[in-house]
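Please open the model in your viewer and keep the sequence panel beside it, since this tour moves from one selection to the next.

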Amino acid sequence: MSFNEQFDQHGAWRREFALRLKLLSEWLKDHDLLNAAVEERLHRLESQVRSDKVMVAFVAEFSRGKSELINAIFFAGYGRRIMPASAGRTTMCPTELGYDADVPPCLRLLPIETRLQTQALMEWRMVPEKWTRVDLDVNDPVQLAQALEKVAEVRYVTHDEARALGFWHDDVPEDNPRVNADGLVEVPKWRHALINIAHPLLKQGLVILDTPGLNAIGAEPELTVSLIPQAHAVVFILAADTGVTKSDLAIWREHLITEGDDNEARLVVLNKIDTLWDALSTPAQMEAQIERQRATSADILGLPLAQVIPVSAQKGLVAKVTGNDELLKASRLPGLELALAQGVMGQRQKILRSAVAGGIVELRAEAGRTIHIRRRDLAEQMIELRGLRGKNTSVIKHMRSRIEQEQVDFNTSGAKIHAVRSIHLKLLRDVFNLLGTPTLKSELAQLTAALKEPGIKLGIKKAYGQTFSRLREGLQKAQSTSAEIQSMLAGSFTQLNSEFGFSLQAPKEPEMSRFLQDLDLIERSHLQYLGVGNILKLAQPEFAERLVRALATRLRVVYETALGEVELWNKSAASQLDAQLKERRRNFGRRIEAIERIQQAATGLDERIDEIDKNERGIDELDSKLNELTARLVSMPARRGGAEEPADAATRPAPLSEAA
């Protein structure tokens with residue numbers, strides 16, 4: 001199965017999952033099981049599945065056939081090249097292809113001059129008026145291809161301007177861009193490009209990141225500390241006729257491989273194998289030459305042989321456009337698509353399914369607690385009413401007085417419950433402070449100051465290490481405070497359960513360990529900028545400012561996610577208490593109503609017992625249906641046969657009338 005087909009199935013699974021989730025939400029609401037925590041979990045699950053993005057970053061030095069490979073895998077259906085892929089330098093600026101339904105089809109280009117300002121790339125995204133916009137006609141492949149040629153545009157600047165923009169380095173002249181006859185330096189016209197088109201794969205959440213060569217990658221910190229590390233797969237392209245060159249190795253070591261990283265999501269493409277096709281050599285000799293180059297490349301890059309895939313992107317594109325199956329097989333493009341499908345999509349589906357399965361288990365537990373309270377209250381009422389059989393009027397009257405007294409006692413216990421909440425919120429504020437934006441800014445202040453100092457920054461690595469040590473300490477403190485809150489909640493809930501017959505259970509505390517892992521990853525992705533080779537770059541105030549802003553942007557995402565986990569944990573604890581208080585008040589009302597009916601009619605007792613018996617059966621059915629609906633979500637297979645194929649009877653969502 002190709003990457004496109006696998007992605008199609010993944011998209012179909014996501015859409016059907018979102019539909020089933022919506023049906024579950026409506027069913028929970030109809031049966032008054034949708035408390036604040038359950039609603040929040042539903043919202044998160046739906047958002048997680050609907051907005052799930054799969055980013056594949058294509059990285060290579062210039063003239064390795066990167067854009068041609070993107071054309072061959074994703075855009076052959078247009079019957080021509082869409083991304084510019086002529087000889088020489090093509091993609092001059094980082095280019096993201098994705099889909100946003102709120103934005104018309106267009107190409108947005110950020111001028112290269114924005115590098116002279118300190119804002120991070122993420123901040124520029126929030127200022128659409130600063131981008132040059134070109135509308136796209138997705139139904140006209142010629143217009144589309146012509147418009148996208150803009151990503152290859154260049155301009156000519158003085159040496160000083162090139163130096164300020166980060167493209168000219170006196171210490172490494174061999175990496176500098178070319179100079180024209182007038183002595184002006186060629187630099188990209190644009191800093192970043194965003195392409196928004198309703199391509200079927202992009203609509204389903206695929207994001208393609210097309211990056212320029214080494215010089216441009218190194219000059220844009222946000223690429224290597226944010227975009228590339230967050231890609232779900234990186235496809236690194238080499239030329240089959242040259243193998244791993246010095247500049248290829250520089251990109252690989254400096255920007256793609258980090259010590260301690262899991263490199264399974266790195267695929268190396270040995271492109272242009274058609275340059276090794278030789279009419280004077282036998283097929284066996286050509287195959288042996290390709291395999292030698294493949295083995296050498298794998299050895300130099302330190303990867304298993306299976307992760308180096310020989311391909312001819314150009315022949316693969318021609319074969320797809322002309323329908324030549326023999327040429328497609330010779331291009332070996334299907335082998336790369338299979339590796340992407342099994343590796344990237346297989347791993348992404350596994351992670352997403354695991355994440356949503358965990359969320360559904362928590363959601364089931366939240367909703368199940370309310371069902372348990374209702375079942376327990378009905379059981380207590382049944383015992384109470386059966387005990388009245390054969391009793392006289394005075395006994396029934398006494399029973400009513402006792403229930404009313406219990407109700408009064410319960411209503412006056414609000415101070416105790418309020419005290420539990422107050423202590424909980426006080427400790428929680430400490431966690432919020434540790435994970436808040438002001439704390440993050442404060443922790444980064446020392447590093448920011450060190451990076452902004454003029455001249456050579458010899459002590460920067462120490463300041464960097466100290467900053468991350470403090471960040472780790474803060475997260476560990478948040479974890480220990482969370483554990484303290486968890487312990488306090490467990491003790492308080494046990495006491496309330498004992499006094500009021502509740503069934504409160506302290507929700508699982510947020511795990512900060514994964515955020516600590518995120519910190520480690522971010523720290524490692526920045527280290528390449530702090531070595532001896534980058535001393536002169538760091539001496540430039542603009543570059544240092546961009547670096548710290550890129551770092552702050554990525555750290556903010558980690559801290560906001562951690563804060564969200566803490567907020568959900570708090571909501572889960574509070575909504576449990578609210579739900580059980582609400583059910584208990586309802587229960588008092590039902591018990592008093594039952595006694596009134598018994599007092600008014602001799603047959604009232606038996607009728608009420610029958611009614612409770614029926615309600616107990618209804619609760620069992622409710623619990624069974626909740627199990628069924630949530631189990632369906634966890635075990636739901638991806639559809640076969642493409643995005644538009646209707647679900648069969650086994651997987652089609654049940655109508656709401658059935659779910660009732």
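How many helices and strands does the secondary structure of the protein chain come to? The chain has 23 helices and 11 strands, where helices (H or I, at least four residues) and strands (E, at least two) are DSSP runs numbered from the N terminus. This is a predicted model, in which local features need pLDDT of at least 70 and side-chain atom pairs count only at pLDDT 80 or more, while totals for chains, interfaces and linings use all residues. Residues are numbered from 1 along each chain as its sequence is written, and side-chain values use heavy atoms, with hydrogens and water left out.

Begin with the whole chain, coloured by accessibility if you can. Of its 660 residues, 51% are buried; buried means under 20% relative accessible area, exposed over 50%, and partly exposed in between, with a 1.4 Å probe and protein chains only.

Next, select the sheet. This is an open sheet of nine strands with mixed pairing, in the order 4-3-7-2-8-1-9-10-11, and two strands count as paired if DSSP finds at least two bridges between them. At its edges lie strand 4 (132-135) and strand 11 (308-310), each of which pairs on one side only. Within the sheet, select residues 95-98 (strand 2) and 190-196 (strand 7), which pair in the parallel sense over four bridges; Leu97 has Ile195 of strand 7 as its bridge partner.

Now move to residues 313-322, which form helix 12, and display the side chains of Leu317, Ala313 and Ala319 together with Gly316, since these four residues are listed as buried. Seen down the helix axis, the buried residues fall within an arc of 165° (taken from the directions from the axis to the C-beta atoms), so they line one face of helix 12. They pack against helix 3 (66-74), strand 10 (266-271), helix 13 (325-331) and helix 14 (333-386), a contact being heavy atoms within 4.5 Å. Just after helix 12, stop at Gly323, which takes a positive phi of about 75°.

Finish at helix 15, by selecting residues 393-411. Its buried residues are Ile396, Met399, Ile403 and Phe410, and because they fall within an arc of 50° seen down the axis, they line one face of helix 15. Rotate to the other side of this helix, where Thr393, Lys397 and His398 are exposed.
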